[in-house]
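Here's a quick briefing to read alongside the structure. Have the viewer open and click through the residues as they come up.

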Amino acid sequence: MTVEGTTERVLRLLALLQRRPSWTATELAAELRVTDRSIRRDVERLRALGYPVHAMAGVGGGYQLGAGTRLPPLLLDDEEAIATAVSLRLASGGTVAGAGEAALRALAKLDQVMPPRLRAEVRAVHGAMDTLVGPGIEIDPELLVTLARACRDAVRVRFHYTAHYREPRDARPRDAEPRNNPQPGDAEPRNAQSPRERTVEPVRLVATARRWYLMAWDVDRDDWRTFRLDRMRDVTATTWRFRPRSHPDPAAYVQRSVTESPYRHHARVRLRAHPDQVRDRIPPQVGRVEDDAEDGWCLLTAGGDDLNWLAVHIAALGFETQILDPPGLREAAARLARNLTAAAAAGPEADALH
């Protein structure tokens with residue numbers, strides 16, 4: 001076989017090893033239509049180039065591509081290359097500090113070596129899309145890596161956390177105006193506490209459109225907790241391994257935490273709409289939408305510090321609504337209806353009729 005043919009076969013072998021965790025020598029030989037002896041020689045060629053190909057003992061033998069001291073070149077098929085290019089474009093506007101610039105550098109490298117036919121497809125996708133960058137909080141990528149490894153390796157993590165507390169409900173008059181103007185999805189209590197050391201057993205990182213959260217078992221409080229990554233300081237992964245325990249669904253747990261727990265009021269309303277219609281208007285970090293027992297209806301659960309604010313946003317959805325909880329929300333909705341009716345009656349057209 002020519003040198004070009006051998007090189008092509010070695011590259012195909014590398015692509016196969018990158019496709020799945022392990023291969024037997026027989027499987028590789030069948031894929032490349034060569035003998036087991038040729039596979040052994042090609043594996044040695046990859047090792048000479050710095051690729052850590054590990055041999056596995058057992059019936060038939062096998063090979064696995066391991067992690068080396070440096071990142072080796074990756075071989076991507078057409079679909080993987082397009083997906084990677086589009087993902088890098090989206091990552092350029094993300095919430096991980098420094099990731100935007102790194103994503104653009106990687107995208108430039110990928111575009112340089114991409115075949116013209118794929119480059120044209122990727123540019124067509126990029127030309128047809130725009131990214132709305134919201135006011136997200138940037139997170140140090142080192143923090144993400146530390147927590148991700150701790151989740152993977154099941155080791156405890158220590159950090160200082162700036163929690164927040166809110167005034168007791170009777171600390172202000174019932175009819176007092178809120179001191180701030182909460183926005184949808186903002187779980188921002190009013191007063192900050194001093195940072196306290198926490199020790200947790202991490203389970204999963206969960207990202208919303210604006211923030212990153214960690215779901216973990218709080219060792220001192222003996223319960224599950226949600227932590228915002230931007231409030232963590234001095235994060236350290238210990239060497240203390242823990243036995244993973246049964247846990248709630250991380251995404252659902254974090255969603256409940258950010259849509260209900262931080263708020264003074266929890267609203268539960270039934271809407272005459274398909275759940276997907278409501279989810280199109282309510283981001284997951286703002287409200288939780290569930291199927292209702294009665295066909296044609298769904299259940300929305302959301303939180304807020306001001307019932308008047310909740311009434312306005314629920315009414316703005318434009319669906320037939322039944323308020324379940326709290327009773328004060330019905331009163332707020334009635335006030336809103338009276339105010340809107342009075343405002344409509346006081347318009348220029350109404351004055352012209354008198």
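What follows is a short tour, from the whole chain down to single residues.

Keep in mind that this is a predicted model. The chain has 354 residues, and 38% of them count as buried. Its secondary structure adds up to 12 helices and 13 strands.

**The chain as a whole**

- Among contacts with a separation of 6 or more, 65% are between residues 24 or more positions apart.
- About 21,400 Å² of the chain is exposed, and carbon and sulfur atoms supply 52% of that area.
- You'll find 17 salt bridges in the structure.

**Helix 4 against helix 6**

- Take helix 4 (residues 78-91) and helix 6 (residues 116-127): they pack at an angle of about 35 degrees, and their axes are 10 Å apart.
- The handedness of this crossing is right-handed.
- On the helix 4 side, look for D78, A81, I82, A85, V86 and R89. Their partners in helix 6 are R117, L118, E121, V122, V125 and H126.
- Sort the residues of this contact by type and you get seven nonpolar, one polar and four charged.

**A salt bridge within helix 3**

- R47 and E44 join their side chains in a salt bridge, with N to O at 2.7 Å.
- Why can these two reach each other? They sit three residues apart in helix 3 (residues 36-48), so about one helical turn separates R47 from E44.
- As a rule, an α-helix has 3.6 residues a turn, so residues three or four places apart point the same way.
- Both ends have some exposure: R47 is partly exposed at 30% relative accessible area, and E44 is also partly exposed, at 44%.

**Salt bridges around E201**

- Side chains of opposite charge can pair when their charged atoms come close.
- R156 and E201 make a salt bridge, with their closest N and O atoms 3.1 Å apart. Because R156 lies in strand 3 (residues 155-161) and E201 in strand 6 (residues 196-207), the pair ties together parts that are 45 residues apart in sequence.
- Is E201 buried or exposed? E201 is buried, with a relative accessible area of just 4%.
- E201 also forms a salt bridge with R245, where the closest N and O atoms are 3.2 Å apart. This pair links distant parts of the chain too, since E201 is in strand 6 while R245 is in the loop between strand 9 (232-241) and helix 8 (250-259), 44 residues apart.
- R245 itself counts as partly exposed, at 35% relative accessibility.

**One more charged group**

- R9, D42 and R45 are worth selecting together, as salt bridges link them in a network.

**Helix 10 and its surroundings**

- Which residues of helix 10 (residues 307-316) are buried? They are L307, W309, L310, A311 and I314.
- These buried residues pack against three strands and a helix: strand 10 (265-271), strand 12 (298-304), strand 13 (321-325) and helix 11 (327-345).
- Just past the end of helix 10, check G318, which takes a positive phi of about 85 degrees.

Note on methods: Residues numbered from 1 in each chain as written. Predicted model: local features only at pLDDT ≥ 70, side-chain atom pairs only at ≥ 80, totals over all residues. Heavy atoms only, no water. Axes fitted to C-alpha atoms, helices over the stretch in contact; angles between N-to-C directions. Helix = DSSP H or I, 4+ residues; strand = E, 2+ residues; numbered from the N terminus. Left-handed = near helix turned anticlockwise from the far one by under 90°. Contact = heavy atoms within 4.5 Å. Nonpolar A, V, L, I, M, F, W, Y, C, P; charged D, E, K, R; others polar. Buried < 20%, exposed > 50% of the residue type's maximum accessible area, 1.4 Å probe, protein only. Areas by Shrake-Rupley, 256 points an atom, 1.4 Å probe, with all protein chains shown as cover. Salt bridge = Lys/Arg side-chain N within 4 Å of Asp/Glu carboxyl O.
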